[in-house]
Amino acid sequence: NRDDLAIRAAIDATIGGRGDTVWMTPGAYVVGASLAINKRGVRLLGVPVMSSRRALCQVASTGLADELANVTAADVEIGFLKLIGTTAQTNVDFSLAATGLYVHDTYFDMQTPAVSTSTIGIAALGATANVVLERLFFECDGAQGNAIDMTGTVDGRVQDSDFSLSAGTWASVILTGAATARLLLRRLEVGGSGTAITAGIN
């Protein structure tokens with residue numbers, strides 16, 4: 001897939017610690033394997049827009065039996081994208097090494113994947129520190145898994161984000177989980193027109 005090769009080649013060409021940015025031009029991209037973001041300080045950015053709901057750069061991993069992107073380096077930034085994951089997979093996950101991860105102004109499409117409690121928006125894989133998630137929009141149409149799983153993170157922040165349910169019952173939207181410490185949640189809108197949201201913050 002040309003889109004997959006282009007994104008992967010751009011990420012591979014970056015040098016960690018130099019502040020390299022991969023700028024994505026408007027359009028719809030499809031990746032055939034998980035994007036490994038494993039170099040410190042790399043930025044993956046679309047075209048800046050005023051609202052994450054109007055992101056001009058769409059990246060999908062529909063059909064991939066893996067996450068769309070896996071972050072395993074410090075100080076990575078992801079922003080101004082629309083991300084569409086795969087049923088029963090995590091859209092973006094980040095490891096213990098992803099200290100200082102910054103994800104902002106991004107639309108997580110949790111409507112396109114078929115309903116599964118294993119379909120997750122963004123999730124921690126370890127005791128990551130200083131993760132900031134802000135100005136995100138999650139759109140869900142049924143009993144999907146958590147939009148955000150911050151289990152075990154330390155000194156994190158989730159703010160200024162919207163979580164919208166359009167159908168069905170969403171059991172858990174934001175999961176803190178065991179060993180989460182000093183997580184700040186503020187200015188969040190959790191709601192919609194579906195049957196119910198059982199736990200906005202779980």
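## Salt bridges, positive phi and one cavity

D105, E134 and R135 are joined in a network of salt bridges, a salt bridge being a side-chain nitrogen of Lys or Arg within 4 Å of a carboxyl oxygen of Asp or Glu. By this rule the count comes to 8 salt bridges. Bear in mind that this is a predicted model, in which local features need pLDDT of at least 70, side-chain atom pairs count only at pLDDT 80 or more, and totals for chains, interfaces and linings use all residues. Residues are numbered from 1 along each chain as its sequence is written, and side-chain values use heavy atoms, with hydrogens and water left out.

Here are some of the pairs, with the distance between their closest N and O atoms.

| Acid | Base | Closest N and O atoms |
|---|---|---|
| D4 | R8 | 2.5 Å |
| D20 | R18 | 2.7 Å |
| E77 | R43 | 3.1 Å |

The E77 and R43 pair links distant parts of the chain, with E77 in strand β7 (residues 77-79) and R43 in strand β4 (residues 43-45), 34 residues apart. Helices (H or I, at least four residues) and strands (E, at least two) are DSSP runs, numbered from the N terminus. D4 and R8 both sit in helix α1 (residues 2-13); they are 4 residues apart, so about one helical turn separates them.

How accessible are these partners? Buried means under 20% relative accessible area, exposed over 50%, and partly exposed in between (1.4 Å probe, protein chains only). D4 is buried at 10%, and E77 is buried at 16%, while R43 is partly exposed at 30%. D20 is buried at 14%, whereas its partner R18 is exposed at 53%.

Now to the backbone. Most residues other than glycine have a negative phi. A88, however, has a positive phi near 65°, and lies in the loop between β8 (82-84) and β9 (90-94). R135, met above in the network, has a positive phi near 55° and belongs to the loop between β13 (132-134) and β14 (137-140). A88 is partly exposed at 36%, and R135 is partly exposed at 36%.

Finally, the empty space. On a 1 Å grid over the protein atoms alone, a cavity is a set of points where a 1.4 Å probe fits but cannot get out, and lining residues have an atom within 4 Å of a point. A search of the whole structure finds 1 cavity of 30 Å³ or more. Its lining includes G85, Q89, D109 and M110, and β9 and β11 (107-110) are the elements that give two or more residues to it.

How values were computed. 1 Å grid on protein atoms, 1.4 Å probe; cavity = no way out; pocket = protein on both sides within 12 Å on 5 of 7 lines; lining within 4 Å. Points joined across faces, edges and corners; volume = space filled by probe spheres on them.
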